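The following exercises are meant to be worked through with the sequence and the three-dimensional structure side by side. Each task is followed by a solution that proceeds step by step.

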Amino acid sequence: SRVHLYKKLKSITGRGPSEFIRTIRMKRACQLLGRSQMQIAEIAYTVGYNTPKAFTQNFKAEYGMLPSDYVRQYNGADKGM
């Protein structure tokens, strides 16, 4: 049942289903932001968001920075900055 799934997932991961799914989406987005040439909007749609704005808001809530800042930071780390 829905309630059983919620309780089981919460006990295992410490997060509810929607939080858990958001975390998985954000991890995949980080992989794409760091390793692909895709635009942020393309990545937003790829990981399941209907709008880039919703993606950006969720990304900032999860990581405390904008996706564009993450790209700059990640690319700077690759170049020894």
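**Exercise 1. Helix lengths**

What span should the 19 residues of α2 have at 1.5 Å a residue, and how far apart are its end C-alpha atoms?

Solution. The model is a predicted one, and the span is checked against its C-alpha atoms. The expected span is 1.5 Å times one less than the number of residues, so the 19 residues of α2 should cover 27 Å, and the C-alpha atoms at its two ends are indeed 27 Å apart. Helix α1 (residues 2-13) can be treated in the same way: its twelve residues reach 16 Å from first to last C-alpha, close to the 16 Å expected at 1.5 Å a residue. Just after α1, G14 adopts a positive phi of about 80°.

**Exercise 2. Cover along the helices**

Determine which residues of α2 are buried, and how many of the twelve residues of α1 are.

Solution. Buried means under 20% relative accessible area. In α2 the buried residues are T23, M26, A29, C30, L32, L33 and G34, whereas α1 is hardly covered, with a count of one buried residue among its twelve. Turning to the surface, I24 belongs to helix α2 (residues 17-35) and, because its relative accessibility is 46%, counts as partly exposed. Together with F20 and I21, I24 forms a nonpolar surface patch with about 250 Å² of accessible area.

**Exercise 3. Salt bridges**

Find how many salt bridges the structure holds, and work out which residues are linked in a network.

Solution. Side chains of opposite charge can pair when their charged atoms come close. The structure holds three salt bridges.

- R15 pairs with E62, with 3.8 Å between the closest N and O atoms. This pair links distant parts of the chain, since R15 is in the loop between α1 and α2 while E62 is in helix α4, 47 residues apart.
- R22 also meets E62 in a salt bridge, at 3.5 Å from N to O. Because R22 lies in helix α2 and E62 in helix α4, the pair ties together parts that are 40 residues apart in sequence.
- D69 pairs with R72, the closest N and O atoms being 2.6 Å apart. These two are three residues apart in helix α5, and therefore separated by about one helical turn.

R15, R22 and E62 are thus linked in a network of salt bridges. As for accessibility, E62 is partly exposed at 22%, as is R22 at 24%, while R72 is exposed with a relative accessible area of 55%.

**Exercise 4. Aromatic pairs**

Establish how many aromatic pairs a search of the whole structure finds, and describe how F59 takes part in the cluster of rings.

Solution. The search finds five aromatic pairs. In one of them, the ring centres of F59 and Y63 are 4.9 Å apart and the planes meet at 50°, so the pair is tilted. Both residues are in helix α4 (residues 52-63), four residues apart, and therefore separated by about one helical turn. F59 also pairs with Y70 in an edge-to-face arrangement, with 5.8 Å between centres and 75° between planes. Since F59 lies in helix α4 and Y70 in helix α5 (residues 67-78), this pair ties together parts that are eleven residues apart in sequence. Both F59 and Y70 are buried, whereas Y63 is partly exposed at 33% relative accessibility. Ring pairs join Y49, F55, F59, Y63, Y70 and Y74 into a cluster. Finally, the charged end of R25 sits over the ring of Y49, 5.0 Å from its centre.

Conventions:
Residues numbered from 1 in each chain as written. Predicted model: local features only at pLDDT ≥ 70, side-chain atom pairs only at ≥ 80, totals over all residues. Heavy atoms only, no water. Patch = residues over 30% accessible without salt bridge, like charges linked within 9 Å, V, L, I, M, F, W, Y side chains within 5 Å. Areas by Shrake-Rupley, 256 points an atom, 1.4 Å probe, with all protein chains shown as cover. Salt bridge = Lys/Arg side-chain N within 4 Å of Asp/Glu carboxyl O. Buried < 20%, exposed > 50% of the residue type's maximum accessible area, 1.4 Å probe, protein only. Phe/Tyr/Trp six-rings, centres within 6.5 Å; stacked < 30°, edge-to-face > 60°. Lys NZ or Arg CZ within 6 Å of the ring centre and 35° of its normal.
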